[in-house]
Amino acid sequence: MTKPTLLISFGCGWAATSPLAYTLQRYVKYCHTGFTKELKLLPLLGISPEEKVYGELQHRLERIKQRVVSNTWENYNIDIGHKMNLPEDLEPLKDFPLKLFDECTSPPYTVDNYIKYYYNVWEHVKRYGYKAVADHSKIHPMNLESFVPILEKLHEHFNLKSYIIVRDPVRRAFSEYLKACYLMNLPAEQASRYKYRANTSDPRRNGVDYITYFDRIKQIIPDSHMIVMEELWEGSGREKEKLSKFIDTPIQKLWNNSYAPDRGHLIERDPTAPCQFGGQSSQELTPQMYYDLKQSFQSHYDNWQKRYGILPRYWGRPLNYAKT
């Protein structure tokens with residue numbers, strides 16, 4: 001029997017992961033995420049309950065579960081976050097057994113229940129023409145090695161594909177920093193859920209060496225692809241062609257992306273991608289700040305240039321946001 005395809009995201013956040021997910025599900029009809037873009041069950045399977053992030057992820061999963069099993073998830077808070085719970089998203093799941101979703105999202109969390117859930121999602125969405133199911137929950141680079149046994153188990157039941165989407169290292173890290181500051185300034189009862197993101201003092205803590213990270217991902221899941229955000233939305237079309245080839249499905253149209261063109265602190269809120277806006281207008285990334293941060297990430301730029309010979313468009317230099 002042919003195994004269904006499961007597309008897994010390894011990030012990177014603040015590089016248009018949501019517009020990419022919307023493109024793949026709503027425009028291209030390539031993969032379906034089930035009830036939400038980021039179920040957060042997979043990250044829970046690979047970390048210890050003692051870790052700070054565990055409680056926050058569990059809380060988010062519990063909120064989704066309560067809405068789904070009570071049939072109040074459709075259109076819930078659609079202008080906040082990246083829920084992917086519009087009627088068009090949930091139509092293929094109208095007759096999905098909610099008891100199975102409840103079992104999957106209730107502790108103790110198990111990889112077997114995760115497999116059962118996504119296999120059943122596949123059984124429901126394939127009749128609508130989708131070629132795969134997807135989990136865009138994002139596995140953090142720090143936790144990658146702990147997921148290897150889980151991914152090996154998933155290999156037994158799914159044809160695994162994976163991707164990361166990347167953005168200029170400085171601007172991506174600064175966007176994550178701004179979002180963390182925004183979350184920490186929420187009312188106390190909300191901000192308490194985000195204390196693990198106490199990186200509000202230094203954007204340098206958010207750096208990701210894309211080349212090293214992606215090389216390790218490909219060792220675990222050979223059928224993996226790296227997407228350059230700036231090239232996909234603003235490039236010559238080659239990045240779109242490469243992505244189309246990776247998913248064996250032509251991409252004609254891309255979802256709106258508030259980071260391309262990058263307006264920095266002049267960003268305007270786009271109701272079609274609300275999750276990109278939070279905190280981004282609160283502080284300007286000045287040229288001096290850009291170059292100061294770039295010193296910390298220089299090896300990331302060097303590794304990229306060593307591999308590909310040239311940096312992607314706009315990487316390695318500050319932008320004049322008034323002109324973008």
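Buried means under 20% relative accessible area, exposed means over 50%, and partly exposed lies in between (1.4 Å probe, protein chains only). This is a predicted model, in which local features need pLDDT of at least 70 and side-chain atom pairs count only at pLDDT 80 or more, while totals for chains, interfaces and linings use all residues. Residues are numbered from 1 along each chain as its sequence is written, and side-chain values use heavy atoms, without hydrogens and water.

**Exercise 1.** Work out where C181 and C104 stand on burial and disulfides.

*Solution.* Start with area: C181 has a relative accessible area of 18%, so C181 is buried. C104 is buried too, at 1%. Next, recall that a disulfide is a pair of cysteine sulfur atoms within 2.5 Å. The sulfur of C104 is 18 Å from the closest cysteine sulfur, in C31, which is too far for a bond. C181 is in no disulfide either, with the nearest cysteine sulfur, that of C275, 18 Å away. The structure as a whole holds zero disulfides.

**Exercise 2.** Describe the surroundings of strand β1 (residues 5-9).

*Solution.* First, strands are DSSP runs (E, at least two residues), numbered from the N terminus. Now look at the side chains: T5, L7 and S9 point one way from β1, L6 and I8 point the other way, and all are buried. With five of its five residues buried, β1 is therefore largely enclosed by the rest of the structure. Finally, find the partners, remembering that two strands pair if DSSP finds at least two bridges between them. Five bridges join β1 to the parallel strand β4 (residues 159-166), where L6 stands opposite L160. Three bridges join β1 to strand β3 (residues 132-135), also running parallel, and here I8 stands opposite D135.

Definitions and conventions
Helix = DSSP H or I, 4+ residues; strand = E, 2+ residues; numbered from the N terminus.
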